[in-house]
Amino acid sequence: MIITAGMRTDIPAFYSEWFLNRIREGYVLVRNPYRPEAVTRYELNLDAVDALVFCTKNPTPMLPYLQELHHQRRHRGLQQLPPLMQILLCQSRQGSSVS
């Protein structure tokens, strides 16, 4: 599974600490925006997640956590790109730049 963080809300910019806490706990609960009573649990452990992709216009709040994310993933060789490269890739596709 590929986790894309930041498509509905800019998680890297506004909820970086919350996201890392979810990674540490190993799961996240996601409410369906069209059926608020429907909540799905997604496992965030190494067996379930193949890659993390961050899309943001402001990666600065996520930068202190990138080393931890990288260490959690590289032991299994699941990421093709380091987290910072993933941020830059998404930004280039959205037409924004890192300042």
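Read from the N terminus, the secondary-structure elements of the chain follow the order β-α-α-β-β-β-α-α. The model is a predicted one, and its chain holds four helices and four strands. Of the 99 residues in the chain, 35% are buried.

Helix α2 spans residues 16-25, and its buried residues are Ser16, Phe19, Leu20, Arg22 and Ile23. These residues lie on the same side of α2, because the arc that they cover around the axis is only 155°. Such a pattern has a general basis: an α-helix has 3.6 residues a turn, so residues three or four places apart point the same way. The other side of α2 carries Glu17 and Glu25, which are exposed. Just after α2, the backbone at Gly26 adopts a positive phi of about 95°.

The sequence region around the start of α2 also contributes to the surface. Phe14, Tyr15 and Trp18 together form a nonpolar surface patch of about 370 Å². Within this group, Phe14 is located in helix α1, which comprises residues 11-14. Phe14 counts as exposed because its relative accessibility is 63%, and the cut-off for that class is over 50%.

Open space in the model was examined next. In general terms, rolling a probe the size of a water molecule over the atoms shows where empty space is left. The largest pocket encloses about 510 Å³ of space. Its lining consists of 18 residues, of which Thr4, Arg8, Ile11, Val28 and Val30 are the closest to the pocket centre. At least two lining residues are supplied by each of β1 (2-5), α2, β2 (27-31) and β3 (39-43). Strand β2 makes the greatest contribution to the lining of the largest pocket, with four residues. Helix α2 thus has a place in the description of the pocket as well as in that of the buried residues.

Three salt bridges are counted in the model. One of them joins the side chains of Arg24 and Glu68, with an N to O distance of 2.8 Å. Arg24 belongs to helix α2 and Glu68 to helix α3 (residues 66-74), so this pair ties together parts that are 44 residues apart in sequence. Arg24 is partly exposed, its relative accessible area being 44%. Glu68 is likewise partly exposed, with a relative accessible area of 26%.

A further salt bridge is formed by the side chains of Glu37 and Arg35, at 3.4 Å from N to O. Glu37 is classed as exposed because its relative accessible area is 59%, where over 50% is required. Its partner Arg35 is partly exposed, with a relative accessible area of 47%.

The side chains of Glu43 and Arg41 likewise meet in a salt bridge, for which the N to O distance is 2.8 Å. At a relative accessibility of 32%, Glu43 counts as partly exposed. Arg41 is also partly exposed, and its relative accessible area is 46%.

Notes:
Residues numbered from 1 in each chain as written. Predicted model: local features only at pLDDT ≥ 70, side-chain atom pairs only at ≥ 80, totals over all residues. Heavy atoms only, no water. Patch = residues over 30% accessible without salt bridge, like charges linked within 9 Å, V, L, I, M, F, W, Y side chains within 5 Å. Areas by Shrake-Rupley, 256 points an atom, 1.4 Å probe, with all protein chains shown as cover. Salt bridge = Lys/Arg side-chain N within 4 Å of Asp/Glu carboxyl O. Buried < 20%, exposed > 50% of the residue type's maximum accessible area, 1.4 Å probe, protein only. Arc of directions from axis to C-beta. 1 Å grid on protein atoms, 1.4 Å probe; cavity = no way out; pocket = protein on both sides within 12 Å on 5 of 7 lines; lining within 4 Å. Points joined across faces, edges and corners; volume = space filled by probe spheres on them.
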